[in-house]
Amino acid sequence: MATDTPEEQSGTGSPGSAEPLDALGGTVLPNHERWEYCVIHVNEDTSQQPSATAASEKLGGSMSPDFIEQQFPDQYRRKPSPHPAEQLGRFLNKMGGKGWMLTNITSLGPLQMYIFRRRKLG
């Protein structure tokens, strides 16, 4: 019959060690050696902005694209947006400013998962 040693029963680690174990049986590290992780998913939006030309064609040309853009500016007026690389750069700089370091990018189905880590605070 196998029995646990006193060290195994008390959760202090290997015989003769005083290192505490976490719930998974791993050694609890000092604060300066701990990491925390942040996973952010990014949806790739392949949809396009509504087209006034397409709307005009659906209406059989009864309204011109210019008229549709003027009457429904929130839906059809083109809004300039930064290039995706610029947007990603801004996002990464914001995360870096908070101490997060990008460690991996992986895909999970249609999602891109950005995995960051930083030293555990406190």
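This is a short tour of the sheet, the helix packed on it, the nonpolar core and one buried serine.

The model is predicted, so local features need pLDDT of at least 70 and side-chain atom pairs count only at pLDDT 80 or more, while totals for chains, interfaces and linings use all residues. Residues are numbered from 1 along each chain as its sequence is written, and side-chain values use heavy atoms, with hydrogens and water left out.

Select the three strands (DSSP runs of E, at least two residues, numbered from the N terminus), which form an open antiparallel sheet in the order β1-β3-β2; strands count as paired if DSSP finds at least two bridges between them. The edge strands, each pairing on one side only, are β1 (35-43) and β2 (101-108), and the twist averages 25° from one strand to the next.

Add β3 (residues 111-119), which is joined to β2 by seven antiparallel bridges; within this pair, Ile 105 has Tyr 114 as its bridge partner.

Next select helix α5 (residues 84-97), which packs on the sheet, touches β1, β2 and β3, and makes about 25° with the direction of β3. Axes are lines fitted to C-alpha atoms, for helices over the stretch in contact, and angles run from 0 to 180 degrees between N-to-C directions; contact means heavy atoms within 4.5 Å.

Now show Cys 38, Met 95, Trp 100, Tyr 114 and Phe 116, the five residues of the largest nonpolar core, a set of buried Ala, Val, Leu, Ile, Met, Phe, Trp, Tyr and Cys residues joined through side-chain atoms within 4.5 Å.

Finally, pick Ser 56 in helix α2 (residues 52-58), which is buried at 7% relative accessible area (buried is under 20%, exposed over 50%, partly exposed in between, with a 1.4 Å probe and protein chains only).

Methods. Helices (H or I, at least four residues) and strands (E, at least two) are DSSP runs, numbered from the N terminus.
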